[in-house]
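Okay, thanks for squeezing me in before coffee. I'd like to walk you through some charged pairs and then a bit of strand pairing, so have a look at the screen.

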Amino acid sequence: MRKCLVLLTFLILFLPLKLVSSIYYSVGVNYLIPTEKFKDANKNSIGIKLEVISKNYCRLWYGLRIDQFNLKKKNEISYYKKETLISPVVKYSPFVRDCFNNKFLPYIEGQINLSSISGTDNLSKLGVGGGLGLGLAYNFVIFKKCWMIDVQAIYSAPNFIHRADKRENLKSINCGLSLSVSL
């Protein structure tokens, strides 16, 4: 994870100034709701989200997102302890013509996940999957900086493409609230 953050910082520092001014840094809280077989092992959990998003284009945003959850066990036999997701993300807002301040911006979000999920099963933690969701952002200006409040819900399957042979496909709904600023 440290290597990804170093690479991302390097890319941001060497992007043209016009692109850097459209980079938003975000921090937020997530609420993970396990579904299907995942809910038999774990309860709902709260986590954190860090995100760096380029908004160089009005309706198309892209970047990198990191989610971290300390999972709550439901039973003592078999459960998952921690979930970390590193995700390239794309957001598209098809319903608006301009994206200037003081506007609500509904969007569709897609992501590919590289996941690390530890559990009591001692299987490989590595997984590859994805997620698809909807969100609503609100842009505004305070202290001469562009800010954004963002609410989203993502249907996530962070290990549906690749996972350990005996590990379940851990599906969940990830709801979040975040605050972003463009420096």
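**A charged network**

Let's start with the bit I like: K49, E51, K91 and D150 are linked together in a network of salt bridges. Before I go on, keep in mind that this is a predicted model, so every number I quote is computed from it.

Take the pair K49 and E51. Their side chains meet in a salt bridge, with 3.5 Å from N to O. Now, are these two buried or exposed? E51 counts as buried because its relative accessibility is 4%, and the cut-off for buried is under 20%. K49 is buried as well, with a relative accessible area of 0%.

Next in the network, D150 and K91. The closest N and O atoms of this salt bridge are 3.2 Å apart. Where do the two residues sit? D150 lies in strand 9, which covers residues 145–162, while K91 is in strand 6, residues 80–92. So this pair ties together parts that are 59 residues apart in sequence. And burial again: D150 has a relative accessible area of 0%, so D150 is buried. K91 comes in at 1% relative accessibility and counts as buried too.

**Another pair, and the count**

There's one more salt bridge I want to show you, between D67 and R65. Here the closest N and O atoms are 2.9 Å apart. D67 is buried at 0% relative accessible area, and R65, at 0% relative accessibility, counts as buried.

How many salt bridges are there by this rule? The count comes to 8, and I've only picked out a few to talk about.

**Strands side by side**

Okay, over to the strands. We've already met strand 9, because D150 lies in it. Strand 9 is joined to strand 10 by 11 bridges, and the two run antiparallel. If you want a spot to click on, find S156: its bridge partner in strand 10 is S172.

Strand 10, residues 172–182, also pairs with strand 1, residues 23–34. That pairing is antiparallel and runs over 11 bridges. Which residue of strand 10 does Y25 stand opposite? That would be V181.

One general thing to remember while you rotate the view: in a regular strand, side chains alternate between the two faces of the sheet.

So, to wrap up: the network to take home is K49, E51, K91 and D150, linked by salt bridges. That's me done, over to you.

Key:
Residues numbered from 1 in each chain as written. Predicted model: local features only at pLDDT ≥ 70, side-chain atom pairs only at ≥ 80, totals over all residues. Heavy atoms only, no water. Salt bridge = Lys/Arg side-chain N within 4 Å of Asp/Glu carboxyl O. Buried < 20%, exposed > 50% of the residue type's maximum accessible area, 1.4 Å probe, protein only. Helix = DSSP H or I, 4+ residues; strand = E, 2+ residues; numbered from the N terminus. Pairing = 2+ DSSP bridges.
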